[in-house]
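Colleague: Could you walk me through this one? I'm new to it.
Modeller: Happy to, here it is.
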Amino acid sequence: MAIKITGSGSYIPTQTVTNTDFERHQFLNEDGSTYAVPNEVIAEKFKDITGIEERRYVEDDLTTSDIAFFAAEKAIEDSKIDPEKLDYIIVAHNFGDVKKGAIQSDTVPSIAARVKHKLRIRNPKCVGYDVMFGCPGWIEGMIQAQAFIKAGMAKKCLVIGAETLSRVVDMHDRDSMIYSDGAGATVLELTDGEGGFLAHETASFTYEESKFLFFGKSYNVDHNPDVRYLKMYGRKIYEFALTNVPLAMKACLDNSGIPIADLTKILIHQANEKMDEAIVHRFFKLYQQTPPENVMPMNIKKLGNSSVATIPTLYDLILKGKIENQELHKGDVVLFASVGAGMNINAFVYRC
């Protein structure tokens, strides 16, 4: 028996926002002073550092639970299961439903409860709950789902990563250019055969690192100081990730018993192109090797950083043939890895 992904789906918002669109923004320093560099230069430097050219935002009438439902429907259809047979619906997010123009997050009922309602599932034994674990939330949901199945507590689980970061960013902060919206979903089942989940690794660093990502006031001093936005210490996160993520990836791969030579792909959280490339290079260096060509698929160039949604959407788009020169085949070994607010790190090794 094996615990395997039997279906996947994603929702990519239709509203495209390019770097050029940010040239009309008023970017400010943390103290509210005017940023000296022209916006055109900011946008160009941003692209060089992150690799992002454009990102997607949801339409004004949609929320996180809406797009989580859209991705879930596709994953269920792809898996060909009866949704009434689901034992768990696990939704990873960080900010709940935030309506356009609102200043308050809505998480009651949970996003998972809302998705179950939208799916019209009647079975009360189908349990829905949310995971708030920073950007690694979807991976953590997958780790929990496979643990339920392994323990005999479940046979079928739906795991979703959905986020609408465009609703919680300070448009006067240059870091707002990184973030985007999206949703991805997977169905995890106990199946006949071999492969599936082979190993996992999770760690939380909260001693000095807990506030590398946080909620803070707008850089515009005229804004209401009680309204908070997503903020980060980018340099500290970069250094933290380069130091700790490769080690977690290595521990996970070593625990799986799979040699590095048999690793087919690395699906890593689409946070920052240069950071992800550096992480993967350091990971292979731990084995005295260099990364093979095309080992790390990327979609950040067009989709930006949608937090918990980056990996499941990337996985689904690869399977659906929508990522150029990237494929997954039966027997391929994939290492999933993420890092984010907490600070949290996790990974799992999976044989297709």
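Colleague: How far apart are the end C-alpha atoms of residues 253-351?
Modeller: They lie 12 Å apart, and the span is 31% helix and 20% strand (DSSP runs, at least four residues for a helix of type H or I and at least two for a strand, E). This is a predicted model, where local features need pLDDT of at least 70, side-chain atom pairs count only at 80 or more, and totals for chains, interfaces and linings use all residues. Residues are numbered from 1 along each chain, and side-chain values use heavy atoms, without hydrogens or water.
Colleague: Which UniProt annotation covers 253-351?
Modeller: The unreviewed entry gives "domain: Beta-ketoacyl-[acyl-carrier-protein] synthase III C-terminal"; such annotations may be inferred rather than shown by experiment.
Colleague: Switching to pockets, what volume does the largest pocket have?
Modeller: About 1200 Å³, taken as the space filled by probe spheres set on grid points joined across faces, edges and corners. A pocket is an open set of points on a 1 Å grid over the protein atoms alone, where a 1.4 Å probe fits, with protein on both sides within 12 Å along at least five of seven lines; lining residues have an atom within 4 Å of a point.
Colleague: Which residues are closest to its centre?
Modeller: Of 48 lining residues, Asp175, Ile178, Met232, Tyr233 and Gly234 are. Elements giving two or more residues to that lining include helix H1 (39-50) and helix H5 (234-256).
Colleague: And which residues lie nearest the centre of the second largest pocket?
Modeller: Gly101, Ala102, Ser166, Arg167 and Val168, out of 22 that line it. That pocket holds about 420 Å³ of space.
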